[in-house]
Amino acid sequence: MGVVNVTPDSFSDGGVNFDPADAAATARRLLAEGAAIVDVGGESTRPGAEPVSTDEELRRVVPVLEALQGLPVSIDTAKAEVAAQALELGAELVNDVTALRGDPELAGVVAEYDAYLCLMHMQGEPRTMQADPHYEDVVAEVVRVLDERLTFAVSQGIREESICLDPGIGFGKTVEHNFELLRRLDELTALGRPLLVGISRKSSLGKIMGDPEAKTGTTAASVGAAVLAYERGASIFRAHDVYEHVEALTAARAIVAR
Ligand code: HH2
C-alpha cells in the first residue's frame, strides 16, 4: 500500500503532494513501482496534528481521486462523507485509523458500498495520543480492541472477509510498545484477518538510531522492519518507499516461500 498524503503537515512527507497534480503523479509512480493500492489521505494523523474539516478534507482529496479513477485506491479517512465521495469515485478500501469510532455514519457507508475496510488500533486521538501512552500489556489490549471492533463492523453489515486489521504503530504507543507489537505479531494473526502494518518512516525507527527527538525514520530502517513484520505474519505494508519495499519483500517471500 503506497502512501499519498495530500496534506501540508504529514510527518513523513508533509507538503510534497499537497498539489493534486503532484499527488496523482506520485500515486501513479507508486503503482508503477509495484504498489497493489495507493492510500490517499487528506488529514494528517501525526502526533499533535489538529483535525481538519470535512470540506477541507474533501477539497484536498477529491481532485486526486478524480485523477486516479480506474486505479486501485484506498481512502485514509475517518469521515463518512469523505469515504462516500471517495467510494463513489472508485476507491475500493476505507482505511479508518479510528476503527469506526470517529464517525457513527462510516460503518453504514462501508457496508452500503461493500467496500474493503482497515480497522486500526489507536489509544486516544492524534492531538494528544503521544502524551503518555499506557498499557498493562500492549499486545493483549490491541488484540482485545481489534477483536471488539471487528465484531462491531460485522454487526453493521460489513463482510468479515473484506476487513483487515492494523496494530496502529505509533498511535498512542511508545517505541517499546511499537516493537513489542511487532515482536508478538503472531498474537494478532490469531484474530484470523489479514494484518496491515504501517511502520514506514515512523519516528520509533529514528529514535532507536540514537536521536530521542527524531520525527522520522529512514527508508532502510522501514524496509528492515517491514521484512520482519512479514516474517511474523503481516501481509499488507503501508509504505512511502514502495520500490524498496517491493524488492525487499519479494526477496523475503522467496526465502519464506509461503
Ligand atoms: N499511519 C499513518 C496514517 N494512516 N493508516 C493505517 N492503517 N496504519 C498506519 O500505520 C497509518 C495509517 C501515519 O503516517 P503518514 O500517513 O505518513 O503521516 P500523517 O498521518 O502525518 O499523514
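Contact here means heavy atoms within 4.5 Å, and helices (H or I, at least four residues) and strands (E, at least two) are DSSP runs, numbered from the N terminus. The model is a predicted one, so to speak of local features takes a pLDDT of at least 70, side-chain atom pairs count only at pLDDT 80 or more, and totals for chains, interfaces and linings use all residues. Residues are numbered from 1 along each chain as its sequence is written, and side-chain values use heavy atoms, with hydrogens and water left out.

Helices H9 (residues 219–231) and H10 (residues 242–256) make one packed pair, with axes 10 Å apart and an angle of about 30° between them; axes are lines fitted to C-alpha atoms, for helices over the stretch in contact, and angles run from 0 to 180 degrees between N-to-C directions. That puts H9 roughly parallel to H10, given that angles under 35 degrees count as roughly parallel, over 145 as roughly antiparallel, 65 to 115 as roughly perpendicular and the rest as oblique. On the H9 side, the contact takes in Thr219, Ser222, Val223, Ala226, Val227, Tyr230 and Glu231, and these meet Glu244, His245, Ala248, Leu249, Ala252, Arg253 and Val256 of H10. Sorted by class, that comes to eight nonpolar, three polar and three charged residues (Ala, Val, Leu, Ile, Met, Phe, Trp, Tyr, Cys and Pro count as nonpolar, Asp, Glu, Lys and Arg as charged, and the others, Gly among them, as polar).

Another pair is H3 (residues 80–88) with H4 (residues 106–113), where the axes lie 8 Å apart at an angle of about 15°. H3 is thus roughly parallel to H4. Ala80, Ala83, Ala84, Leu87 and Glu88 of H3 meet Leu106, Val109 and Tyr113 of H4, a contact with seven nonpolar, no polar and one charged residues.

Then there is the sheet. Six strands form an open sheet with parallel pairing, in the order E1-E2-E3-E4-E5-E6; two strands pair if DSSP finds at least two bridges between them. E1 (2–5) and E6 (163–166) sit at the edges with a single partner strand each, so one side of each has no neighbour in the sheet. E1 pairs with E2 (residues 38–41) over four bridges, and Asn5 has Gly41 in E2 as its bridge partner.

As for helix H6 (residues 175–183), its buried residues include His177, Asn178, Phe179, Leu181 and Leu182, buried being under 20% relative accessible area, exposed over 50% and partly exposed in between (1.4 Å probe, protein chains only). Among the elements covering them are H5 (138–155), H7 (186–189), strand E7 (196–197), H8 (203–207) and H9.
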